[in-house]
Amino acid sequence: MKKILLIDDNFHSEKKGAPLFSMEREFLKNSGYNVYTISFNFNNLRTDIDEEKDFFVKIKNNFFLNKVAKFFGSKEIEYQIKTIIDEIKPDIIHNHLISKYPISVFKALPTDIPIIQTLHGPNFFCPTSWGNLKKDSSFCSLGISSKCMTSGCIPFWQYPLQYNLFSEIPELLKKITLFHCPSKNIQKVAHSFGFSNTEIVPLGLRKNFTNIKLFKRKQSNKILFIGSLHPVKGLDYLLLAMQNIIIKNPQVQLLIAGKGSYETKYKEKVLELKIEKNVQFLGFVDSTKIIDLFQSVDLTVVPSIWSEQFGMIGPESLACGTPVVGSDIGGIPEWLKDKENGLLVKPRDINGLETKISFLLGNPELLHRYGKNGYEFINKYHTYEGYRKNLLRMIENARKNTN
């Protein structure tokens with residue numbers, strides 16, 4: 001039986017582990033693969049951990065030492081990963097998010113088997129791991145240089161650490177057989193750094209987001225934000241836009257679903273802006289309730305200020321027949337077709353958010369048309385089954401072409 005090893009920072013975390021992991025694991029098992037995993041996360045573990053196939057790299061309970069390991073590598077972590085790989089003897093390795101200890105992971109990888117690296121974002125090419133975080137969200141050539149400090153993306157004291165990390169990464173990435181790019185945007189980034197061994201395989205949604213039953217809705221005057229409560233998601237700008245949206249439509253409600261380290265600050269911001277009557281914090285919403293939530297609102301807002309390479313929230317919303325207002329950045333325009341299934345807005349554009357959200361709320365027929373178009377688009381291009389076929393084909397081709 002063919003063996004595949006999946007490596008990711010948070011595979012085994014119930015809350016941080018991406019749905020894509022569960023999907024890929026299912027695809028591979030059903031296709032005759034023996035699936036093994038490596039993760040660094042010990043908190044909020046999934047309930048389906050297999051002690052014989054799911055491995056954890058032990059890390060020190062010391063913030064300083066772990067940061068040193070991130071920027072300079074760790075022989076101990078590298079040795080653990082090598083030992084696990086030697087024990088498994090996989091036929092192929094597929095890396096996902098590798099941001100905690102990239103130097104150690106890549107040094108531990110063998111050179112005699114195919115290795116696929118999914119680029120979930122520009123974390124190998126940008127010290128912030130986000131890209132485009134300059135104050136105006138303008139284009140950034142990425143890489144490490146003095147611009148990272150002058151643009152305010154990283155503090156001066158951090159520059160030597162980041163410089164060491166990003167000086168080593170390009171050479172280590174030469175071990176990669178194939179870069180899986182979920183969007184054209186991230187493929188362009190990889191090519192700009194000299195990595196032409198890429199393949200675009202757009203992500204697909206979970207099985208329960210395929211051919212969802214739609215129904216005729218009454219306008220709810222509700223808009224939805226789902227995501228980590230972190231500044232890169234652009235919630236700051238949406239809250240500021242809400243002030244004027246409420247003036248035009250006092251009945252409007254913003255539902256905020258998600259948790260994060262900035263939750264308290266955002267709740268304080270809502271009080272400061274005096275919009276607490278029109279904003280609800282829902283906390284973490286269980287996956288079984290997400291579809292109902294999408295179908296209870298008029299539109300979803302994705303106001304990201306970082307270069308999201310795909311982003312699952314917007315496509316999931318479209319799969320439920322709910323249109324999206326989203327940032328014209330990263331891979332978002334590849335599924336959010338302006339004036340077809342929603343509206344694009346420049347990142348950080350408070351007036352743009354207010355104008356376009358208010359416009360759609362005032363046009364029920366357009367909301368319905370955009371929702372219908374989005375539903376049809378997702379069920380044509382980003383289905384569970386389509387992603388399964390494309391992902392398995394990519395993995396099989398990488399394995400065969402290397403043998």
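User: How many cavities of 30 Å³ or more does a search of the whole structure find?

Analyst: This is a predicted model, in which local features need pLDDT of at least 70 and side-chain atom pairs count only at pLDDT 80 or more, while totals for chains, interfaces and linings use all residues. Residues are numbered from 1 along each chain as its sequence is written, and side-chain values use heavy atoms, with hydrogens and water left out. A cavity is a set of points, on a 1 Å grid over the protein atoms alone, where a 1.4 Å probe fits but cannot get out. For cavities of 30 Å³ or more, the search of the whole structure gives two.

User: Which residues line the second largest cavity?

Analyst: About 30 Å³ of space lies in this second largest cavity, a volume being the space filled by probe spheres set on grid points joined across faces, edges and corners. Lining residues have an atom within 4 Å of a point, and here they are His96, Leu97, Ile98, Gln117, Thr118, Leu119, His120, Gly121, Asn123 and Phe124.

User: Is Arg348 buried or exposed?

Analyst: Arg348 sits in the loop between β13 (342-345) and α12 (350-361), where strands (E, at least two residues) and helices (H or I, at least four) are DSSP runs numbered from the N terminus. Its side chain is joined to that of Tyr237 by a polar contact of 3.1 Å, such a contact being a pair of N or O atoms within 3.5 Å, of which, within protein, one must be able to donate a hydrogen and the other to accept it, with residues adjacent in sequence counting only if both atoms are side-chain atoms. Buried means under 20% relative accessible area, exposed over 50% and partly exposed in between, with a 1.4 Å probe and protein chains only. Because its relative accessibility is 18%, Arg348 counts as buried.

Note on methods. 1 Å grid on protein atoms, 1.4 Å probe; cavity = no way out; pocket = protein on both sides within 12 Å on 5 of 7 lines; lining within 4 Å.
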